[in-house]
Amino acid sequence: MKRLLAVLLLAFAGAAVAGNAPGEAIATGQPDGNIPGWTLRAPTPVGWTADCCTYARAIGVDEVIYRGEWTGEPYGVMVLNVWPRKLASLGAELDADRKHYLQRDPAAKVGRFPVRHRGMSCEALVFQGSDQVDDAVVFCDPGKRSGIRLSWSMSFKDADPARAAQLDAFMGVVVGTRYRAGMSR
């Protein structure tokens, strides 16, 4: 757990550099009751592909960003989920996710820490699963008026030599994500 947290902290330090990568992932949501339409934009790292409409829809998420060809494997794929605000706080969202994860894998280790984002409150959970797969999940709250919350997640195999670079790219996407009310493309 300490090793993964150290890698995450290094990735946070390098995330500002990754945010300058060309390309952009764009996800939108239509107005729904009290929730205004929304647009999320995130930088896409060099050599990575953003997809909102083919693979993302097929697996029921708002956006995926992957490197190379789509394989359907979860490892090294950045996944954006957006949902209507239901729980009272961002902390409550993290607690619910932690509880759900530990119900599936009681032997997992979990770390939680804040993420510095200029435009919204964000916190991360890092799960070290008993299956030798680690998951980083960053929950963000663009504000009460948005009516939504969002998360970026990514799974890593413990022994993957590309793990540090993937985590750095992931954190660049997370801290580079921008919310805007209204839909745009």
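In this predicted model, the search for enclosed space comes to 1 cavity of 30 Å³ or more. The largest cavity has a volume of about 30 Å³. Let us begin with its walls and then turn to the charged pairs.

**The cavity and its lining**

Which residues line the largest cavity? They are Ala25, Ile26, Ala27, Leu40, Arg41, Ala42, Glu63, Leu80, Trp152 and Thr177. Strands E1 and E2 (38-43) each supply at least two residues of this lining. Sorted by class, the lining has 7 nonpolar, 1 polar and 2 charged residues. Arg41 and Glu63 are both on the lining list, and Arg as well as Glu counts as charged. Thr177 is on the list too.

**The salt bridges**

How many salt bridges does the structure hold? The count is 9. Three of them are set out here, with the distance between the closest N and O atoms and the relative accessible area of each partner.

| Pair | Closest N and O atoms | Accessibility of Arg | Accessibility of the acid |
|---|---|---|---|
| Arg178 and Glu24 | 2.6 Å | Arg178: 43% | Glu24: 35% |
| Arg112 and Glu123 | 3.1 Å | Arg112: 39% | Glu123: 22% |
| Arg149 and Asp141 | 3.2 Å | Arg149: 0% | Asp141: 12% |

Take the pair of Arg178 and Glu24, whose closest N and O atoms are 2.6 Å apart. This salt bridge links distant parts of the chain, with Arg178 in strand E10 (residues 178-181) and Glu24 in strand E1 (residues 24-29), 154 residues apart. Strand E1 is thus a point of contact with the cavity story, as E1 also supplies at least two residues of the lining. Arg178 is partly exposed because its relative accessibility is 43%, and Glu24 is partly exposed as well, at 35%.

Next comes Arg112, which forms a salt bridge with Glu123. Here the partners sit in strand E6 (residues 109-115) for Arg112 and strand E7 (residues 121-128) for Glu123, 11 residues apart. Arg112 counts as partly exposed at 39%. Why is Glu123 counted as partly exposed? Its relative accessibility is 22%, and buried means under 20%.

Are the partners Arg149 and Asp141 buried or exposed? Arg149 is buried, with a relative accessible area of 0%, and Asp141 is buried at 12%. Their salt bridge belongs to a wider arrangement: bridges that share partners join Arg85, Glu93, Asp141 and Arg149 into one network.

Terms used: Residues are numbered from 1 along each chain as its sequence is written. This is a predicted model: local features need pLDDT of at least 70, side-chain atom pairs count only at pLDDT 80 or more; totals for chains, interfaces and linings use all residues. Side-chain values use heavy atoms; hydrogens and water are left out. A salt bridge is a side-chain nitrogen of Lys or Arg within 4 Å of a carboxyl oxygen of Asp or Glu. Helices (H or I, at least four residues) and strands (E, at least two) are DSSP runs, numbered from the N terminus. Buried means under 20% relative accessible area, exposed over 50%, partly exposed in between (1.4 Å probe, protein chains only). On a 1 Å grid over the protein atoms alone, a cavity is a set of points where a 1.4 Å probe fits but cannot get out, and a pocket is an open set with protein on both sides within 12 Å along at least five of seven lines; lining residues have an atom within 4 Å of a point. Grid points are joined across faces, edges and corners, and a volume is the space filled by probe spheres set on the points.
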